[in-house]
Every structure is written in structure tokens, then in C-alpha cells.
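Subject: Two-chain model, handover and findings

Hello,

Here is the structure you were waiting for. My notes on what was found in it follow below.

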Amino acid sequence: MKRILIATAMLCLSVGAFAQDELLNLMNEGNDKKAKDYAIATFKTTRLFNFHTIETQSKRTLDFRISHRFSDMTVKNPASLGQTAFGLDGSASIKLSLEYCFDGRFQIGVSRCNDQKIASGFAKYRLLRQTTNKGNPVSITLFTGIYHTFVQTGDDYYAKALDRLSFCHQIMIARKFNRRFSFQAGLAMVHYNIVPYPTDKNDLYYATFVTRFKLTNRMAITAEYAYGLNNNNGVIPTTGGPNVPYPPATVTNGLTSPYYNSASIGVDIETGGHVFQIGICNSYGLDEPEYFAHTNKDWMQTQIRLGFNISRVFDF
Amino acid sequence: MKKTLFAFVAICGLFMSGCLKDNYSVIHPPPAPGPPKPCDTVSSFSLGVTPIFTKYGCTAVNCHATAGTPGSGVVLDTWKGTNKANNNGLLLPAINHAQANGNGGIFWMPLTGNSLTACEVAQITKWANEGAPNN
């Protein structure tokens, strides 16, 4: 009898212990769920300056964006302050875009840019979101874009309608290290349906780097850089061939070294419902195939230009 | 989440369906050089012979123009002068370089050192052989 009582007591205790464990687990799970906070605002908006960031808009919001890039600042010539107001007088590229996010993860957009007369569409998907405690240490976003140029070349360069298309696919990985500092690295692929010269590649790859440092709650400094992994540089003959519609080449010794890596520095300023982004970059184009692949100006020669983006978000 | 991820993948697939890999220089190769053009030997003084003299500067003043001092007294800017040079046997030996330079006082022309092309020599020779018409 005594043995039976002891065995029953032990069983009760052990069941009690299990129950307690389960309760603790449940509580922990509850805590985990409650504590699974996503790192918000890794970057201020969906673009850093030219490049896309991992950010998508919030659920059911429409973003109207206006982007401008002015002419070369010609900083080496101080007289240009009066002549061109550091490029503000010159021809500017302008892009208007309308972008909608369905659920905070999936975003689509359409845009038009006067540079190369490109109409484009894109889709972006936020695959993984960084959490502040355990879970995901990084955010991952996928991007795909399609670009149609309406430029008339005067020859049969765009003989097929599909030749007017180019594409960009990107994977972006970012981490918000602390309240101030965020960093993003990614891989971008630009595809042209047609290229002009025998040695040109249809597929170009870029390693992209984007960073932000927050100065105050409403202001941050930003920088971005794309490193061309397989540029077409230095192989384009200067005579013959089609009327290539994109920016002209810089000629050296009968060959061209036309394209440089795109880089920008800028400032994000948040005001009310707008985000202003003001910066300096060496790219004129505002679409991915243009600024990644056709930047024909060089930072090292101070061939830089001013630009700004304005973003206005509408909630539905 | 699954629906929107599927939508994103579908859009990627749609975009990729429009993908081509064209190269203009492959689609439009430079034209292959054709056979050499046959020499058009029109027997004409004004259309065949004079343009060749003009091209090589033969009719410049103090070369073989009527004005100035024409070399060896040969005048090539008129039919009369050219016909005379031909009749005197000075024209063809100077341009076809068949004999040594300076032989018989006839020097290879043009003096600049550029020879007439075979076609140009043939053209002038044909005109001379057909009686050097003033046409």
C-alpha cells in the first residue's frame, strides 16, 4: 500500500512537472509571438537615391514619386555657377512613377522617364523581414522590372518590337544594425534584348551596396554604389554599327571606355507626408538598365550632377 | 502571403517570356565585299579623259594648262592640245609607264608620283586608239 501511494505521488509530481513545462512553453511561445518584432524602417523609402532598397510600402498604400537629375555640375569651372547654376539650367531627366503595395510585402509600380523614353513596370516582393530579437537577422527582397524604350533611332536597330525591351532582376539583402545604421548588399542582373556590337553582352551583372546613417529622426545621409562584374567597357568600335540610342561613348585610342560604375551620395529628409531625397550622382538615367549599365560619367573626373526625389504616399 | 508570392513569381515568368538575346552585328553582318567593278571604258574626251586629268591635277596652271607655261608644251585642258600630244606620241608613254622614266624625253606622269589606275590608263588608251574623238 505504501509503495502504491509513493508511486502515485511520484506520478502526480511528474505529470505536474510536465504540465508546468508545457505551461512555461506556452507562455514562452506567447512571449515569442508578442516579441517577434520586425525591424522597421531599415531605409526611409523604397529607393535610396537611384537604387531600390529592401523596403516596400505599408499595406494598401499608393506612392507617387517624382525624380529629377540635372545636368553636369561642371564643378571644375567656377564660372558655371552663373552660366548653368551648377547644372540646374541644363536638360534634366525626369521620372514619374506610381507604385502600389497590396499587403506590405508585394508592391507593383509603373513609371515613365524622359531619358531614353522609357516606360517601365516593376514588381517587388519582400521575402524575409529582419526581426529585432531571434529569428531573421536580415531582410531579403526580390525585384523584377521590365523597361520599354520608345526612342526612334532612324535605322533598323529596333527592327523587332521585343528588341525594345530590357529587364532587371535583383536580390537585396539588408540589415538594420542599430537605430542609425543600415546596410544593404545585393546582386542585380540587367538584360538587354538587343545589344549593338559583337563583343557586347546581353546580360550584365552588378554587385550593389547601399547604406544609410541616420543623423536625426528626420534626416539621414545615404550612399550607394554598383560594381560592374562584367562590363562592356573598352570594346566598342567608334565607327560603323547602328545608331545606338543610349549615351555616347568616350573615345580613347579608337576604342571606347564608355561606362562607369554608378555611385551616389545623398540626404534623406522627412517632412510631414513627404520624403525628400537630395543627392549627387554620376548617372543621368533613372531606370535600372540606364543607371547600372549606361552611366557614362565619372566621379573621379567630378562629372557629377545634382538630383532629387520626392515621394508622396496616399493611404487607402 | 502565398497569393502575393505567387503573383510575384507569375510576373517574373511573364517578364522572362519576353526575353530575347539579339546582337545587332550578328543580325546585320557587314556586307561582304562584292566582285570588283568592271572598268567602264567609255571612249569620250569630255566624260572619260578630262575628268582623269582634272583628278590628278594635270590641268593646273604651269602643269599642262593653256595658261602659264605648260610642261613640254603639252596642253591637256583642251581637246586640241590633248590630240596634239597624242599625235606626237607624248601622251600614252607618259601615263602607261611602259618605257623607262625620261626615255626619249618623256617622263612618267603625273609628276606627283601617283600612277593612274589601270582602268584610267585603259580609258585614255581606248579613246586614243579610237582616233581621239572630240566628244
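Of the 135 residues in chain B, 18% are buried. Please keep in mind that this is a predicted model. Chain B has six helices and one strand, and from the N terminus its elements follow the order α-β-α-α-α-α-α. Among the contacts in chain B with a separation of 6 or more, 48% are between residues 24 or more positions apart.

Helix packing in chain B

Helix 3 (residues 45–55) and helix 6 (residues 118–129) of chain B have axes that come within 10 Å and cross at roughly 130 degrees. That angle makes helix 3 of chain B oblique to helix 6 of chain B, because angles over 115 and up to 145 degrees fall in the oblique class. The crossing of helix 3 and helix 6 of chain B is left-handed. On the helix 3 side of chain B, the contact is made by Phe45(B), Gly48(B), Val49(B) and Ile52(B). Helix 6 of chain B contributes Glu120(B), Gln123(B), Ile124(B) and Trp127(B). Sorted by class, this contact between helix 3 and helix 6 of chain B has five nonpolar, two polar and one charged residues.

One peptide bond in chain B deserves a look when you open the file. Met109(B) and Pro110(B) are joined by a cis peptide bond, with omega about -5 degrees. Pro110(B) sits in the loop between helix 5 (91–96) and helix 6 of chain B. As background, most peptide bonds are trans.

The barrel in chain A

Chain A holds a closed barrel of twelve strands, in the order 1-2-3-4-5-6-7-9-10-14-15-16, with antiparallel pairing. From one strand to the next, the twist averages 20 degrees.

Where does the barrel close? Strand 1 of chain A is joined to strand 16 (residues 305–315) of chain A by ten bridges, and the two run antiparallel. Strand 1 (residues 61–72) of chain A also pairs with strand 2 (residues 93–101) of chain A, in the antiparallel sense, over nine bridges. Arg65(A) can be used to find both pairings: its bridge partner in strand 2 of chain A is Ser97(A), and its bridge partner in strand 16 of chain A is Ser311(A). Strand 16 of chain A pairs in turn with strand 15 (residues 274–281) of chain A, again antiparallel, over eight bridges. In that pairing, Cys281(A) has Arg305(A) of strand 16 of chain A as its bridge partner.

Two backbone angles in chain A

Most residues other than glycine have a negative phi. Arg60(A), which is not a glycine, has a positive phi of about 50 degrees. Arg60(A) lies in the loop between helix 1 (2–35) and strand 1 of chain A. Arg60(A) counts as partly exposed because it has 13 C-beta neighbours inside 10 Å.

Lys117(A) also has a positive phi, near 50 degrees, in a residue other than glycine. Its loop is the one between strand 3 and strand 4 of chain A. With 14 other C-beta atoms within 10 Å, Lys117(A) is partly exposed.

Where the chains meet

How many residues of each chain are in contact with the other? There are 25 from chain A and 16 from chain B. On the chain A side, strand 4 (118–128), strand 5 (139–149), strand 6 (165–176) and strand 8 (194–195) each supply at least two residues. The largest share, three residues, comes from strand 5 of chain A. By class, the side of chain A that touches chain B has 16 nonpolar, five polar and four charged residues.

Two features of this meeting can be picked out by element. Helix 1 (residues 2–17) of chain B lies across strand 3 (106–113), strand 4, strand 5 and strand 6 of chain A. Helix 1 of chain B runs at about 35 degrees to strand 5 of chain A. Separately, strand 8 of chain A is joined by two bridges to strand 1 (residues 22–23) of chain B, and these two strands run parallel. Within that pairing, the bridge partner of Ile194(A) is Asp22(B) in strand 1 of chain B.

Regards

Technical notes:
Residues numbered from 1 in each chain as written. Chains lettered and ligands numbered in written order. Predicted model: local features only at pLDDT ≥ 70, side-chain atom pairs only at ≥ 80, totals over all residues. Contact = placed C-beta atoms within 7 Å. Helix = DSSP H or I, 4+ residues; strand = E, 2+ residues; numbered from the N terminus. Nonpolar A, V, L, I, M, F, W, Y, C, P; charged D, E, K, R; others polar. Pairing = 2+ DSSP bridges. Axes fitted to C-alpha atoms, helices over the stretch in contact; angles between N-to-C directions. Parallel < 35°, antiparallel > 145°, perpendicular 65-115°, else oblique. Left-handed = near helix turned anticlockwise from the far one by under 90°. Buried ≥ 20, exposed ≤ 12 C-beta atoms within 10 Å, placed from the backbone.
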